[in-house]
Amino acid sequence: MQPRKNKRLAQLSEPFVEMQREVACAVTKAAREAALTPDSISFEVPPHPDFGDLAIPCFTLARIFKQNPAQIATQLEKNISHPLIEKIQAAGPYLNIHFRPRELASRVVGNIMPSKKFGHAPRTNETIVIEYVSPNTNKPIHLGHARNGFLGDSISRLLNAAGKKVIKTCLINDRGIHICKSMVAYMERTKSERRKAALPTPSTTGKKGDHFVGDYYVLFEQLSKKDSSYKDKASRCLLRWEAGDPETRALWKKMNAWVLSGFKETFTALGLTFDRMYYESAIYKKGKEVIERASKNRLIETDVSGAVIARLEPHGLPDKVLLRSDGTSLYITQDIYLAEHRLNDFRADATLYVVGSEQDLYFKQLFKIVELIEPKYARGLAHISYGIVNLPEGRMKSREGTVVDIDDLLAELTEMAGKEFDERNAALPKKERDRRARIIALAALKFYIIEVTPRSDMVFNPKESLSFQGRTGPYIQYTYARLIRIIKKSKTTETAIRKKPLSVLYDWRQERMVMLSLAKYPTTVQESAKSYDPSRLARYLYELAQTANEYYHATPILAAEDPARAQRLRLIVAATSVLREGLALLGIETLEEM
RNA sequence: GCGCCCGUAGUUUAAUGGAUAAAAUACCAGGCUUCGAACCUGGGGAUAGGGGUUCGAUUCCCUUCGGGCGCACCA
């Protein structure tokens, strides 16, 4: 009897899942229990490969049959037979299954194609807007932004692999009191030089624009610590800005342009791209309109002092001020507008905000306020909350200068990787050396960050991040390069290798490990996408690399005799495909030589 | 004070309520005349404390202790 495919399987058409399905059907048949459907059989991977390829824990079955799980396992062991299964063994409450080598090989390895779509789900009509990085234009991008950016980027790629249309957006916070602070400091510092023609700029100082402006932000903090009048100066600057004072606007425009050109450079270096940039300065007024309208309709209260306040206490949240009593906007002002604007813009089914966990409460408030003003715009809003990046000595503090600047860090990593090349391959042309060094440095940084479960706070150890050994991005890249080298040395092409029929593999204990690992790829991609958690894929890829590494160390490939040689090459080709496509979903490039 | 999150080898990270808690790093001992040693093989080392629920708890509940974040007319 042909097993009935469920919806999820039809979508995925994943060979290993289909094998499980067939086994599930065999189990239900053997159990002879009407209430039992193949869907009620669950599987897991045995903790030790010698146990088997697949295991069925019998605890849930025990509940259905009202019997001891170990008894059930023993009964099923006797009654199940299926062409896929070579051996089935009860081990206490578990039923361990060994597949026939030929079946596993042809189904798993035979299905891995060099296509970029391998592991991808079919396209859906769903559109998802995602917002990430969202920097302020008063200081350069740091490690915290990098975690945000890498998460947002890889989640976007994963959602795309899950068949969704993804719109990547970035909100630039280019107005507000913090922006005025660097402006005030700049005016203060350049006061004496004002009559002269040449004020300092990024080009006269040779500094990257965002770093240039960031220095003035730091200067403001220093000045205001000594002299409290600076705080008022910043407030007055914001009022002038909101009033549209030409001189203030001109300086703001100039300084913002410097910062933005610096950001652009950094985004390019990090491999981050966006479909749409939003500038707070361009939308905050519309946020004001929405709030004023809502307050007229009594959806939101106005305080005696004139401030507009959302009363959230009845909803179990602290109240939130939406407009200051002097009428100026707050951060949330434009977020309220943007929530509905974005849905209209893209007819999005969902909007995801990738923002740090310190803003958990903020997003609860934002989503509740949007719901109070217009329920239909609150649909599909979700906060993807991630943990703080700490240093070994504690939290990064900009005031204490312990913030890890991302340009500096990447430069340092690239230099380290470059030095490796000087030792390994001094003949490498400089241009190629630098290109490879950048790719390896970026892989190290991205993997270090993405590998950690997003929700968790993490410790970034700068020293450790400079190591390219062990569980790192470069380790996976290295494994990939080694495998590619074997294929190249075989004097045949990937396509020729793929054309050879798969029959039997010759070193089953070794090869089985690689195959079982390969088999998990499509499910890992889909589960990572579903849970917005690229760390799962990252850890999987490391495990696969480890398994592949052990394999080619222990097993001769090119020296083997033909048919084993061809079969083993076939397995190597499959592994390179998965490593390459998997890393690409994390935004990590591969190198054929390193 | 109130709310949320977190305590796993020396360190950094894993573990849909299920089999012997998994890796990396550091440390110790091995492996390049071989498909590339950014690699591989072997070794010791951990669930903060106390209750509870469960056939079974790192995981769920309570509690003590320790840490982080939030409760701005900052972002």
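**Exercises on strands and an RNA surface**

In this predicted model, three strands make an open sheet with mixed pairing, in the order β13-β12-β14. β13 (394–395) and β14 are the edge strands; each has a single partner strand, so one side of each lacks a neighbour in the sheet.

**Exercise 1.** State which strand pairs with β12 in the parallel sense, and find the partner of V389.

*Solution.* Start from β12, residues 389–391, which runs parallel to β14 and is joined to it by two bridges. Next, look along β14 for the partner of V389: this is M458. Strands of a sheet pair through backbone hydrogen bonds, either parallel or antiparallel.

**Exercise 2.** Describe the surroundings of β5 (165–172) and say how many of its residues are buried.

*Solution.* Begin with β4 (127–131), which pairs with β5 in the parallel sense over five bridges. One matching pair is V129 of β4 and I167 of β5. Then add helix α6 (143–161): β4, α6 and β5 together make a right-handed β-α-β unit. β5 also runs parallel to β6 (276–279), with four bridges between them, and L171 has Y278 in β6 as its bridge partner. Finally, count the cover: six of the eight residues of β5 are buried.

**Exercise 3.** Characterise the surface near RNA strand B, and name the element that gives the most to it.

*Solution.* First, 71 residues surround RNA strand B, and A55, F59, T453, G470 and Y478 come nearest. Second, sort the residues of this surface: 34 are nonpolar, 20 polar and 17 charged. Third, list elements that supply at least two residues, among them β1 (54–57), β14 (458–459) and α18 (473–489). α18 gives the most, eight residues.

Methods
Residues numbered from 1 in each chain as written. Chains lettered and ligands numbered in written order. Predicted model: local features only at pLDDT ≥ 70, side-chain atom pairs only at ≥ 80, totals over all residues. Near = placed C-beta within 6 Å. Nonpolar A, V, L, I, M, F, W, Y, C, P; charged D, E, K, R; others polar. Pairing = 2+ DSSP bridges. Buried ≥ 20, exposed ≤ 12 C-beta atoms within 10 Å, placed from the backbone. Right-handed = clockwise from strand over helix to strand, strands pointing away.
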